[in-house]
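Student: Could you pick one chain and take me through it closely? I'd like to know how it is put together and what it touches, in plain bench language.

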Amino acid sequence: MSHSGMPHSVGGHGHRASLDRAQVTLPRAGWAARLPLVCGGLGAVLLAVTFLVGKGNPTQLFHSYLVNWFYFATLAVGGLFFVLLQHITRAGWSVVVRRLAEDVAATLPVVALLFVPLAFGVHALYPWAGHEAQDPVVMRKLAWLSEGPFLVRAAIYLVVWSLLGLWFWRQSQRQDQMGALALTRRMQAVAAPSMIVFAVTLTLASFDWVMSLAPRWYSTVFGGYIFGGTAMATFALLIVLVLLLQGRGLFDGVVSMEHFHDLGKLMFAFVVFWGYIGFSQFMLQWYANIPEETNWFAERLTPGWKPLTMAFVVGHFVVPFFFLLMRDVKRHRTGLWAASGWLLLMHWLDIYWLVMPGLHHEGPRLHLLDLLAFLALGLLFAGALAFTLRLKALVPINDPRLAESLAFENV
Amino acid sequence: MSAATTTAGSGPLWGVLGEFDSPAALYRAAERVRDAGFERWDTHSPFPVHGLERAMGLKRSRVPIVVLALGLAGAAAGMGLQWWVSTRAYPLVVSGKPFFSWPAFVPIMFECGVLGGAAGAVLGFLGLSRLPQHHHPLFESKRFERVTDDRFFISIEAADPRFDKSGTIQLLERAGAVAVELVEGA
Amino acid sequence: MAEAVLHDVDPIDRRPPLILGEPDFHGITEAVARPIEWKPPLGWWIVLGISLSMLALLGVAVAWLFWEGIGVWGNQIPVAWAWDITNFVFWVGIGHAGTLISAVLFLVRQRWRTSINRAAEAMTLFAVACALLFPTIHTGRPWLDYWMMPVPNQMAMWPQFRSPLMWDVFAVSIYGTVSLIFWYVGLIPDLATMRDRAKTPKQAQLYGIFALGWRGSHRQWHHYERAYLLLAGLATPLVLSVHSVVSFDFATSQLPGWHTTIFPPYFVAGAIFSGLAMVITLMSISRVAFKMEHIINLLHFDRMARLILATGSIVGYAYATEFFVAWYSGNLYEFFAFRNRAMGPYAWAYWTMVSCNVVVPQIFWFRKLRVHIPTLFIASIFINIGMWFERFVIIVTSLHRDFMPANWDYFRPTIWDISTLIGSFGLFFTLFTLFVRFLPMVAIAEVKGVLPQAHAIPHETSPSVPYRQEEGARA
């Protein structure tokens, strides 16, 4: 049965009694129409430039590409995680921001396509396809770590993620049109097994794409580690997106400090979770002191890498922990900008720190290609996102829990 | 129109006690009492009524500060203890690890921090609430026994500068009290 | 068309109200306080009797242990420690669900927790007491236990803080302390309720002393709420850290099957999993015995069953990841440890574990089974059996084939191992049975706070409002 598109709620504490459509629709023309084209075009050009510049230095090129591609891939798949989580928990508060996460997840097909260049870089990136292929330990893993299976699996992960991202995006779109409760029920039902699929694919993808850069090293919690950083970055991204949109005069009276507070709390929770997993991983391998494990950390504690490692721990955990602990920060625009922007940067640094020591043993060497790849992939990601944001309203207008979300008040 | 008010306890007048039968009534009445400018007054309920701090004009609780301070102190103490024991008091070489094996000291440091924080929470709460306080004039009131069951109360002390016996009783009655009681005692 | 009144009643799930029967505040007080005021039913005496006899068995087992020494557990090779450590981890794990329900569910605003958090927190305290039993007695010479304390002593010696066993001492005792603080703070308003209802002056005094003179003042509630929120915020990382520290006992070693980085989150998930099962076991019986089916109703079981499914899935994920990485690592010893678990002399224990922990919770995909009490009760028992076996499998399969062939042996429990385990259940059930007799087993004040009538401000109503008045909205 259809509902009208105007859910009501009783006023109180300054919340709008009904949803103002204009607040949640991107303008038809103007900056919103130009953005996808500009970003996409510029991004494509920069991508070409990246490859031109990197032609003579394939190892640097592909490492830079991997760092940045993986960064945006985790942001995209993090959007999917957010959507799944909200459906599984039947959350009401988050409905106003869920559409943004759906749109982020809907960029997964673009992200998947952008993996293709990496397929050509397998030999340059992965020692098990290159100079360590004859290592006796690596040879035991050849059934898993060889080019064919690796690429097939990558295709599977990316296709599965894209399908899930698109499916949830589409069901939510249909709900905008039809308002059927059955659609929400279906999304909830599918979300739970999808979460299991998400966990398994993210784990194996992180093993394949990042952990195998050091083919003799292994850590069972590595998937969990990547998950922690991904989730944290997702909340940061959502906060930044809302702040950007509010800067453009949208979402006023829709997303309030109450929602930011919750997003901030969840971001804080995942800063802590990431720190917990990261510390456990480090401490356990440090404690047992087994060379085949400690080598990986030793590489990151050389005189060249140690300063960055220390700064990274302080910047990714210690500072955000105390900063986000304060209630007022999570309810303050500038505080949220600072915290989210900073954490998005820290997440990038995390991936740089995971990938680059395999290439630059002496210490971090920021390269032009790092910057070019970041800009190129970032613009393409932004363009894809700007495109998906335009296709529907910015909130799920007929979601049955929208009214609850609009009136949400925090503890 | 003021009905006959009862008296509880004996001795000098401590204050008046208004009884209400719902949280909403209590909330609205509290706003009135706040707006009338009283300072030495309180509301009482069987469970915390959401938003009542606003209706009463209370300042933010300082419990978080106590928690933070004791939490940090606890963590510092935990790390300090381990550092002192492992580097000064009884240094032992264990599996080749340095004397100050900070990664191995993090778990206990963290636990001590949590203990400090928890102590801060309970001590802060008790201290700021002035508990334990086993004796209070309000306990003389029979009606007041329902405060832990299903009734809501506002108490206004006679020591408040704006207190005026009949005026304050009238205020409470107009604010919706189902009963008003005079409370005597020290 | 939906009425203009906003309800928290979920329009999708049409979930049943938090508390059935639309009681008022007084109704809640009566329902929870009266059972403690009348004479307990015969069933209570029977359960107490059985628990006390099991506790007596514990007394005998521990006394004999102290008299004869740790050899009565067969402890001459590492693998013989199996039951002592398994039992310790088992009990600590069970405690974690109580803190999850109290603290984590509070932080994520799950109001249904108010019906079960008091009993769950009590369960935590008793489980931690049972857990602490094992480190206390396992030295066989408990009068020397003070060697574990960082206090100046006559030998001028200090503990070795780099040992995970020392971390355990701090973690588990601090966990017990903080849980006690959290539980007690929550109890204060309810003790005041009992004080004000007391039938005899002695009762009033006893409850009154511990109620600290609480008088429901908002100036106090104000600080109380902040403290409660902060305690919840502290207890959450605490619960993560405690079982992580317990997992460190194993993971910091170099033993194949023990040394793996996923242990901390895996153990925590497993702990919550087993604890929730124990809550279900206890609540299924208590709610009937004390006629509180309307307060602890099917909604609560449904929610707990879903959490069991989620945490059980995490445990399953960990099993799969460990197995895969054991192969992927190329480390032949690691891979042997896992093949040995599945196909070696302890395969019977391994497959028991897998069927109880991975297969059994899958029934909770089906709503009908999530709210069918007999199914829940039986499943919860199997889950706890499975979780006991998980610790057993981890410990024994790695120790019975460790690096020194002299240590290789097939473990068999001694009669004293068995008595101590049964006895620890006796301790747990005795404490819980006494708790439900003398203290309110539901958090009275908190439940009142989530009733629909509890809100002062009109637009906030709680899920307790019967949604049938929304039927018209489905047109």
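Tutor: What follows is a close look at chain B, with a short look at the other chains at the end.

A bit of bookkeeping before we start: this is a predicted model, and local features need pLDDT of at least 70, side-chain atom pairs count only at pLDDT 80 or more, while totals for chains, interfaces and linings use all residues. Residues are numbered from 1 along each chain as its sequence is written, with chains lettered from A and ligands numbered from 1 in the order in which they are written.

Start with the parts list. Chain B comes to five helices and five strands. Both are DSSP runs numbered from the N terminus: helices are H or I with at least four residues, and strands are E with at least two. Reading from the N terminus, the order is β-β-α-β-α-α-α-β-α-β.

Now the overall outline. What radius of gyration would a compact globule of 186 residues have, and what does chain B have? The globule would be near 16 Å, but chain B comes out at 25 Å. That radius is taken over C-alpha atoms, and the globule rule is 2.2 Å times the number of residues to the power 0.38. Along the principal axes, the C-alpha atoms of chain B fill a box of roughly 85 × 30 × 30 Å. The chain is also split in two: domain 1 takes 6-54 + 131-184, and domain 2 takes 63-128. (Those bounds come from an automatic or database domain assignment.) Taken over C-alpha atoms, the centres of these two domains of chain B are 44 Å apart.

Next, the sheet. Five strands of chain B make an open sheet in the order E1-E5-E2-E4-E3, with mixed pairing; two strands count as paired if DSSP finds at least two bridges between them. At the edges sit strand E1 (6-8) and strand E3 (41-44) of chain B, each pairing on one side only. From one strand to the next, the twist averages 25°. Want one pairing to trace on screen? E1(B) runs parallel to strand E5 (residues 179-184) of chain B, and three bridges join them. Within E5(B), Leu182(B) is the bridge partner of Thr7(B).

Two helices pack on this sheet. Helix H1 (residues 23-35) of chain B touches strand E2 (13-20), E3 and strand E4 (152-157), and its direction makes about 20° with that of E4(B). Helix H5 (residues 165-174) of chain B touches E2, E4 and E5, with its direction at about 10° to that of E2(B). Here axes are lines fitted to C-alpha atoms, for helices over the stretch in contact, and angles run from 0 to 180 degrees between N-to-C directions. Contact means that the C-beta atoms of two residues, placed from the backbone, lie within 7 Å.

There's a backbone detail to look at as well. Most peptide bonds are trans. The one from Leu131(B) to Pro132(B) is cis, with omega near -5°. You'll find Pro132(B) in the loop between H4 and E4 of chain B.

What does chain B touch? Its contact with chain C takes 60 residues from chain B and 55 residues from chain C. On the chain B side, H1, E3, helix H2 (52-56), helix H3 (63-89) and helix H4 (102-128) each supply at least two residues. H4(B) gives the most, with 15 residues. That side divides into 36 nonpolar, 17 polar and seven charged residues. In this count Ala, Val, Leu, Ile, Met, Phe, Trp, Tyr, Cys and Pro are nonpolar, Asp, Glu, Lys and Arg are charged, and the others, Gly among them, are polar.

Finally, the other chains. Chain C has 15 helices and zero strands. Its radius of gyration is 24 Å, close to the 23 Å that the globule rule gives for 475 residues, so chain C is as compact as a globular protein of that length. Its C-alpha trace spans about 75 × 55 × 40 Å along the principal axes. Chain A has 16 helices and zero strands. For its 411 residues a compact globule would be near 22 Å in radius of gyration, and chain A agrees at 22 Å. The C-alpha trace of chain A spans about 70 × 40 × 40 Å along its principal axes.
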